[in-house]
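Q: Please take a close look at one part of this model: the salt bridges. Which side chains pair, and how are they placed?

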Amino acid sequence: MRQKSTRAKEPAEKTVRDIRRRTRKQYSVEEKIRIVLEGLRGEDSIAAPCRREGIAESLYYSWSKEFLEAGKKRLAGDPARQANTGEVGELRQEMRDMKELVADMALENRLLKKRSWSPRN
């Protein structure tokens with residue numbers, strides 16, 4: 001009789017886990033930053049904001065590590081972040097121009113090949 005009750009619990013527990021997984025709160029970047037900064041201020045223990053927000057301390061520490069690593073890269077002069085909007089726009093325009101040039105040359109090349117291989121010659 002005990003085996004039947006454990007078998008009945010397994011699908012129920014799986015269902016509860018699936019529901020919790022699907023209804024898990026998704027935190028925006030701004031919310032994560034707010035929570036991490038609250039913990040870094042040190043006014044309370046790390047457990048206090050985690051309890052208040054309903055997150056595990058391990059999740060807080062992983063967010064904190066990502067936050068600090070991103071700041072470290074930025075302060076170290078991460079070249080991927082240094083390009084300003086003007087430079088990016090100029091590079092995109094240059095890339096468009098080069099793609100157009102390559103397309104024109106490929107078309108011209110194809111036309112020249114067709115002329116040289118035509119049966120009229």
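A: The charge pairs come next, followed by a charged surface patch.

This is a predicted model, in which local features need pLDDT of at least 70, side-chain atom pairs count only at pLDDT 80 or more, and totals for chains, interfaces and linings use all residues. Numbering starts from 1 along each chain as its sequence is written, and side-chain values use heavy atoms, with hydrogens and water left out.

The structure holds 5 salt bridges. Each is a side-chain nitrogen of Lys or Arg within 4 Å of a carboxyl oxygen of Asp or Glu.

Glu38 pairs with Arg34, with the closest N and O atoms 3.9 Å apart. Both sit in helix α2 (residues 29-41), 4 residues apart, so about one helical turn separates them. Helices are DSSP runs of H or I, at least four residues, numbered from the N terminus. Arg34 is partly exposed at 38% relative accessibility (buried is under 20%, exposed over 50%, partly exposed in between; 1.4 Å probe, protein chains only).

Glu38 also meets Arg52 in a salt bridge, at 2.2 Å from N to O. Arg52 belongs to helix α3 (residues 47-53) and Glu38 to helix α2, so this pair ties together parts 14 residues apart in sequence. Shared partners join Arg34, Glu38, Arg52 and Glu53 into one network of salt bridges.

Another salt bridge links Lys25 and Glu31, at 3.3 Å from N to O. Lys25 is partly exposed at 45%. Glu31 is partly exposed too, at 23%.

Finally, the patch. Residues Glu87, Glu90, Glu94, Asp97, Glu100, Asp104 and Glu108 form a negative surface patch. Patch residues have over 30% relative accessible area and no salt bridge; like charges are joined within 9 Å, nonpolar side chains (Val, Leu, Ile, Met, Phe, Trp, Tyr) within 5 Å. Glu87 lies in helix α6 (residues 85-117).

Conventions: Accessible areas come from the Shrake-Rupley method with a 1.4 Å probe; for residues, only the protein chains shown count as cover. Lys and Arg count as positive and Asp and Glu as negative; His and the chain ends are not counted. The place of a charge is taken as NZ of Lys, CZ of Arg, CG of Asp or CD of Glu. Helices (H or I, at least four residues) and strands (E, at least two) are DSSP runs, numbered from the N terminus.
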